[in-house]
Amino acid sequence: MTYVLHRFILHNPRFHLAHAHQVWYHSLRAPWPLTCHYDHPIAHFIWKFIPVYLPAAIFRFHMITYMVFVAVVSLEEVISHCGYASVPAGFLLGRVARRADLHVISGGEGNYSIWGMLDWLGGSTIEVRTEDTPEESEVEVEEAIRRAVEESKRRVTQPRNRTRRRKDL
């Protein structure tokens, strides 16, 4: 459900919500754990809240089961935005953090799902070049993240001209 909502609603230029998602979430140049829920409020509701709440409403989970489900989903989101190439639960979550990094760095060109299976089936997978060794690929991604962070810092420190000139009529 999150893959379909993310790819076909939040990255479809026909929807105004896609522009809001691009301005809010994709204004980040590199994800980090506190940004896993940073998005426009309506986009967040559609992309993060409905896929977690709707199964509970349909299947009528017990409250403890639902809380465990929410905890697992929240942990998965935090780990996917941690920015590390290898995560503590790597045997379960594989390279989800690198997939989220590549999604943000590419400006939302692919990697719409956390796990990657639906991206593979839908042809929207973004991969690091395979001819490189894993160490060279990590350096390439780390360099892209470093440049993105520097660009963001430069934007913040540059003074803006906030005054507008009025045209005399």
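Select Ala20 to begin: in this predicted model, Ala20 is found in helix H2, which spans residues 16-24, and with a relative accessible area of 8% Ala20 is buried. Keep Ala20 displayed and add Ile42, which lies 22 residues away along the chain; the C-alpha atoms of Ala20 and Ile42 are separated by 8.9 Å.

Now widen the selection to the two helices H2 and H3, whose axes are 9 Å apart and which pack at an angle of about 100°. That angle makes H2 roughly perpendicular to H3. To see which side chains make this contact, show Leu17, His21 and Trp24 on H2, and then, on H3, Pro41, Ile42, Ala43, Ile46 and Trp47. Ile42, already on display from the previous step, is thus one of the H3 residues in the contact.

Next, hide H2 and bring in H4 beside H3. The axes of H3 and H4 come within 11 Å and cross at roughly 155°, and the two helices are therefore roughly antiparallel to each other. H3 passes H4 in a right-handed crossing. On the H3 side, the residues to select for this contact are Lys48, Val52, Tyr53 and Ala56, and on the H4 side they are Tyr66, Phe69, Val70, Val73 and Glu77.

Two of those residues deserve a view of their own. Which interaction do the side chains of Glu77 and Lys48 form? They meet in a salt bridge, with a distance of 2.6 Å from N to O, and a search of the whole structure finds one salt bridge. Glu77 lies in helix H4 (residues 63-80) and Lys48 in helix H3 (residues 41-59), so the pair ties together parts of the chain that are 29 residues apart in sequence.

Are the two partners buried or exposed? Glu77 has a relative accessible area of 8% and is buried, while Lys48, at 11% relative accessibility, counts as buried as well. For both residues the relevant cut-off is a relative accessible area under 20%. With Glu77 still selected, show the residues around it: leaving aside neighbours within four places in sequence, Glu77 is in contact with Cys36, His37, Lys48 and Ile114.

From here, follow the chain into the loop between H3 and H4, where Arg60 is placed. What is the phi of Arg60? Although Arg60 is not a glycine, its phi is positive, at about 55°. As background to this stop, most residues other than glycine have a negative phi. In contrast to the buried salt-bridge residue Glu77, Arg60 counts as exposed, at 70% relative accessibility.

Finally, clear the selections and colour the whole protein chain by secondary structure, which comes to eight helices and zero strands; read along the sequence, the pattern is α-α-α-α-α-α-α-α. If you then switch to a colouring by accessibility, buried residues make up 36% of the 169 residues in the protein chain. With the surface shown, the protein chain exposes about 11700 Å², of which carbon and sulfur atoms supply 63%. A contact map offers a last view: among contacts between residues at least 6 apart in sequence, 48% join residues at least 24 apart.

Note on methods:
Residues numbered from 1 in each chain as written. Predicted model: local features only at pLDDT ≥ 70, side-chain atom pairs only at ≥ 80, totals over all residues. Heavy atoms only, no water. Salt bridge = Lys/Arg side-chain N within 4 Å of Asp/Glu carboxyl O. Helix = DSSP H or I, 4+ residues; strand = E, 2+ residues; numbered from the N terminus. Buried < 20%, exposed > 50% of the residue type's maximum accessible area, 1.4 Å probe, protein only. Contact = heavy atoms within 4.5 Å. Areas by Shrake-Rupley, 256 points an atom, 1.4 Å probe, with all protein chains shown as cover. Axes fitted to C-alpha atoms, helices over the stretch in contact; angles between N-to-C directions. Parallel < 35°, antiparallel > 145°, perpendicular 65-115°, else oblique. Left-handed = near helix turned anticlockwise from the far one by under 90°.
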